Protein chains: 2
Amino acid sequence: MSVQYRLLRLLRDHGPQSRAQLLDRLGVPRPRVLAELDRLVAAGRILEAGPAASRGGRRSTLVDLHPGVRFAAVDLGASSLDIEITDGRLEPVTSHTEPCDIRSGASTVLDRVSELLGKMRGQGHFSQLDAIGIGLPGPVSFRDGVPVSPPIMPGWDRYPVRDVLAREHGCPVVVDNDVNIMALGEQHSGVARAVADPLFVKIGSGIGCGVQVHGEIYRGTGGCAGDIGHIQVDPEGPLCSCGNVGCLEAFFGGVALARDATAAARSGQSQPLVARLAEAGVLTAKDVADCAAAGDAVCVALIRAGGRRVGQVLAGLVSFMNPSMIVIGGGLAGLGHVLLAEIRSVVYQRSLPLATGNLPIVMSELGSRAGVVGAAVLASELAYGSPL
Amino acid sequence: MSVQYRLLRLLRDHGPQSRAQLLDRLGVPRPRVLAELDRLVAAGRILEAGPAASRGGRRSTLVDLHPGVRFAAVDLGASSLDIEITDGRLEPVTSHTEPCDIRSGASTVLDRVSELLGKMRGQGHFSQLDAIGIGLPGPVSFRDGVPVSPPIMPGWDRYPVRDVLAREHGCPVVVDNDVNIMALGEQHSGVARAVADPLFVKIGSGIGCGVQVHGEIYRGTGGCAGDIGHIQVDPEGPLCSCGNVGCLEAFFGGVALARDATAAARSGQSQPLVARLAEAGVLTAKDVADCAAAGDAVCVALIRAGGRRVGQVLAGLVSFMNPSMIVIGGGLAGLGHVLLAEIRSVVYQRSLPLATGNLPIVMSELGSRAGVVGAAVLASELAYGSPL
């Protein structure tokens, strides 16, 4: 890792520091660090930010990231678009969320992203972006910056997302899978901070997993590692949208839960669901969460059954990967304690004792912000010269 | 990675080379490489080995590993003990195999290992070992060099294998799980050579998996990654030795196959098995393999059913890890093409197309030698100064 990258990362994660502190933390020969700092000052990437607290001897000067550094973090979901502009330390400067149908196609969606970024620039939140990080709800070739055969993104296959945005905004762009950026976010400033080998499980419309190994995202040979939604949990199970039967997603996730809730309403099993269906004409996972919270036994049972299926898959993955933590995130993490309790119960019972002896299974701390935080981390890694 | 380590590894993997070739391959400033070479010559670790082919200009001298470098590679199985002494390039100098009951306990087994090493020394195969690599059939804390709660190794839990052998033989020792060393062997000089993210599946008495990430063994937080034998494949399945039900090992592996073959003989389903049981009083996986090869339908069906179960677990792991290759090894790999065909069929049908698009599923090339080769690789990594 280059000295420049390590310097910028220290300033990103620990704030303004004296040259002496940076020297201590880097363990690189003094002349090399000082030369690198001079170069970064000359390039306008960092600046002197007042006197440091005295450590005796000559007074040192604080060094900080240039206050004008700006990253754009974009998190595209199946039905939502989140953008955050951050400074060099990844603190949000401004943000925006709106519904967005990923199926409307690459150019429509990316045009909207660019329009929003243009508006933010117009409002004075930045004059030039240093990098953009963007997450997509499907498999991504990380190296090429393109989605690859994404099942829920018609018209996006191999669309040059990175190159289009880079040309439009004149800055480097990094594209990744949405679950990977959530995992990165949670590891940078959420519950998995400083944890080396966590698994991040996103339970939203579908179910995916961010795999981290020695602190880095593991993307697999073809960029599709972590696609656990189509692991078979029951060979006699229902047909899945992927064409196979009994996949995890055929049992649980936002789509499956809405389907089961609708069935429970139609058959009259759950009066609260009957009432909600009559009123809204459609049921979603949110209805199940609300009714479960209000004590409806059918909804609680639906969540429990889903948690058991997720736990069943995770139990196998825990035996296989022996991770140091499991983080549960995504829209359905809001189903709350019942879900978490069921997942824990199955994993702790089914996985090898050696693998579960010291394995926290916890909720995401960043919630719906995990994605943009991770996208900002990726953008900064790119801008700061990480060997991504 | 230190220059010294990289130099020694180049000589290990590519044989004698001129200083000029080493300089080309390392891409490190010339004075630093030459100084490091001088230091290694002075320490007696490498030597000059005659003139190199001329590349024009001043004649260069070949550099080689010292011919007296010796590694001991030990592969302990549930019922066997393999030892190989290698030179610095991991070429075997001598080897020995004998039956060995791991349940006879740590000191008995390790005493026998030391006795055999003493004999080999007496025969002049080495005067001093540079390092020992040893694989054990159970979970290992790689950092501490001790087995951790190994299910089939009574009396071994936390036994200081590394320290005992190091004291006895006066050299550094590295201890790992037997499946991990097989995976390493296969990647160093077998079918997975130069493959970055292969999975190595050992099917022996039990079933385990060596997980490689970016060319390195991934051992997990507690050192027990890859323990796929106890992933549940059927909640209604038979009771497993681990106390859970329906684990992969309860369905397949040497122990399960012997059990099912005995049942098939007792019930008279398979005449060839009936005859073998009458003659030997006991049946093993080898009987099933022989009878299947001779066309016995019951035995072929047993292998097929086992392959389907293994495939079922691997299909999930392929979706999760998106590996670049799957290597099937271990004693039961000898069940041959029927097993491999069944595994392939299930994985290719069940995993995501993106993950299987370019995924070879192949037999181990090194066979029963995979373990000692990997143990020698580990020993050399330790001796050559790898950041293991």
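In helix α10 (residues 285–293) of chain B, the buried residues are B:A285, B:D287, B:V288, B:A289, B:C291 and B:A292. These buried positions of α10(B) pack against three helices of chain B, namely α8 (254–266), α9 (271–280) and α11 (297–321). After α10(B) comes B:G295, which has a positive phi near 100 degrees. The model described here is a predicted one, and every value reported is computed from it.

The corresponding numbering in chain A leads to the packing of α9 and α10. Two packed helices are described by the angle between their axes and the distance between those axes. For helix α9 (residues 271–280) and helix α10 (residues 285–293) of chain A, the axes come within 10 Å and cross at roughly 140 degrees. The two helices α9(A) and α10(A) are therefore oblique to each other, since only angles over 145 degrees would count as roughly antiparallel. The crossing in which α9(A) passes α10(A) is right-handed. On the side of α9(A), the contact is formed by A:P272, A:L273 and A:R276, which meet A:D287, A:D290 and A:C291 in α10(A). Sorted by class, the residues of this contact comprise three nonpolar and three charged residues, with no polar ones.

A further helix pair in chain A consists of α4 (residues 106–122) and α5 (residues 161–169), whose axes come within 11 Å and cross at roughly 30 degrees. This angle makes α4(A) roughly parallel to α5(A), because angles under 35 degrees are assigned to that category. Here too the handedness can be stated, as α4(A) passes α5(A) in a right-handed crossing. From α4(A), the residues A:L110, A:S114 and A:L117 meet A:V161, A:L165, A:E168 and A:H169 of α5(A). The contact of α4(A) with α5(A) is made up of four nonpolar residues, two polar residues and one charged residue.

Strand β5 (residues 80–86) of chain B includes B:E84, and B:I83 lies in β5 of chain B as well. B:I83 is buried, with a relative accessible area of 1%, and B:E84 is likewise buried, at a relative accessible area of 5%. Although B:I83 and B:V372 are 289 residues apart in sequence, their C-alpha atoms are 6.8 Å apart in space. When residues up to four places away in sequence are not counted, B:I83 touches B:A73, B:V74, B:T94, B:S95, B:H96, B:V113, B:L116, B:L117, B:M120 and B:V372. With the same exclusion of sequence neighbours, the residues touched by B:E84 are B:F71, B:A72, B:A73, B:P92, B:T94, B:S95, B:R369 and B:V372. For B:E84, a polar contact of 2.9 Å joins its side chain to that of B:R369.

Helix α12 (residues 337–350) of chain B contains B:R344, which is partly exposed, with a relative accessible area of 26%. The C-alpha atoms of B:R344 and B:I361 are separated by 6.6 Å, while the two residues lie 17 residues apart along the chain. A polar atom of the B:R344 side chain lies 2.8 Å from the backbone oxygen of B:I361. Apart from neighbours within four places in sequence, the contacts of B:R344 are with B:H337, B:I361 and B:V362.

Contacts between the two chains are illustrated by A:N244, which is found in the loop between β13 (216–217) and α7 (248–251) of chain A. At 16% relative accessibility, A:N244 counts as buried, because the limit for a buried residue is under 20%. A polar atom of the A:N244 side chain lies 3.3 Å from the backbone oxygen of B:Q349. Leaving out residues up to four places away in sequence, A:N244 touches A:P238 and A:L239 in its own chain, and B:Q349 and B:R350 in chain B.

Two loop residues of chain B have positive phi values. B:A194, in the loop between α6 (178–189) and β11 (198–203) of chain B, has a positive phi of about 70 degrees although it is not a glycine. B:H214, in the loop between β12 (207–213) and β13 (216–217) of chain B, is likewise a residue other than glycine with a positive phi, near 50 degrees. B:A194 counts as exposed at 79% relative accessibility, and B:H214 also counts as exposed, at 54%.

How values were computed. Residues numbered from 1 in each chain as written. Chains lettered and ligands numbered in written order. Predicted model: local features only at pLDDT ≥ 70, side-chain atom pairs only at ≥ 80, totals over all residues. Heavy atoms only, no water. Axes fitted to C-alpha atoms, helices over the stretch in contact; angles between N-to-C directions. Helix = DSSP H or I, 4+ residues; strand = E, 2+ residues; numbered from the N terminus. Parallel < 35°, antiparallel > 145°, perpendicular 65-115°, else oblique. Left-handed = near helix turned anticlockwise from the far one by under 90°. Contact = heavy atoms within 4.5 Å. Nonpolar A, V, L, I, M, F, W, Y, C, P; charged D, E, K, R; others polar. Buried < 20%, exposed > 50% of the residue type's maximum accessible area, 1.4 Å probe, protein only. Polar contact = N/O pair within 3.5 Å; in protein donor to acceptor, adjacent residues only side chain to side chain.
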